[in-house]
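Trainee: I would like to take a close look at a single part of this model, and I would be grateful for one connected explanation.

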Amino acid sequence: MQRIPVVGGNWKMHLTRQEARQLTAAIRAALVDLVGVEVILFPPSPWLADVHDALEGSTIQVGAQNVYWEPQGAFTGEVAAPMLRGTVDHVLVGHSERRIVFGESVWETADKMRAVCDAGLTPLLAVGEPMADLRAGRTNDTLRRQLVEGTRGIAAMPPGLIVAYEPVWAIGTGEPATPAAAQERCAFIRSVIADRYGDEAAEAVRIQYGGSVNAQNVASFIDQPDIDGALVGGASLDAEAFAAICRAAR
Ligand code: PGA
């Protein structure tokens, strides 16, 4: 099966409204003739509508970086999945910064996954081992747990599901995994999806590598048979670098 490469740009908690608009316009202009690669921008939540409007008529998609699991209610400061409908296509769930900085448990990740699916949006589930797990040889156990517990209660694979493999120690450090190691983990992730949802689902799911991806190293990851794209943090804040990454993913 031919899986279409998919590149995400996770802007995290960066950029003013004006900067977000400028970056969106610059990325749109730089990628105007790009075909064969899906591109998703994940701006901070206050700028989602601006980015959505600035991308009207383009094939570049918009995603939210996080979501709350309840559909509405007295949850000051939170954003519900149904509120995102019409503005975003994708929602990033389980990013390691949510898990580690904000103490999000796998149960909460699963609640968020279900909320995203119930709202008819497409989840991008991020998984990845902290350095301690890597050192202790527990990486695959951690990945399996994050995948299986993170999709608890979801009977069939969510259509269009994307999984991002992001080793925690590679995020924002300038020290990516080696392409061979990333390939091994992504193949393992695909095998867990096969156990969970069957071979057809495993063939269809797109798996990204994330963690210190840049324009120079992205091709070495995308060339791997089980890596279908990249989730990019730091380099996604630079239109030229991000556009180069997207082009290299083709
Ligand atoms: P990085 O972040 O590209 O800055 O390492 C990746 C991510 O957190 O998704």
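In what order do the 8 strands close into a barrel, and is the pairing parallel or antiparallel?

Mentor: This is a predicted model, in which local features need pLDDT of at least 70 and side-chain atom pairs count only at pLDDT 80 or more, while totals for chains, interfaces and linings use all residues. Residues are numbered from 1 along each chain as its sequence is written, and side-chain values use heavy atoms, with hydrogens and water left out.

The barrel closes in the order β1-β2-β3-β4-β5-β6-β7-β8, and its pairing is parallel; strands here are DSSP runs of E with at least two residues, helices are runs of H or I with at least four, both numbered from the N terminus, and two strands pair if DSSP finds at least two bridges between them. On average, neighbouring strands of this sheet are turned by 25 degrees against each other, direction ignored, where axes are lines fitted to C-alpha atoms, for helices over the stretch in contact, and angles run from 0 to 180 degrees between N-to-C directions.

Within this barrel, strand β5, residues 122–127, pairs in the parallel sense with strand β6, residues 162–165, over 4 bridges, and L124 stands opposite I162 in β6. Helix α5, residues 106–118, packs on the sheet, where it touches β4 (90–93) and β5, contact meaning heavy atoms within 4.5 Å; the direction of α5 makes about 160 degrees with that of β5.

Beyond this part, the secondary structure of the chain comes to 11 helices and 8 strands.
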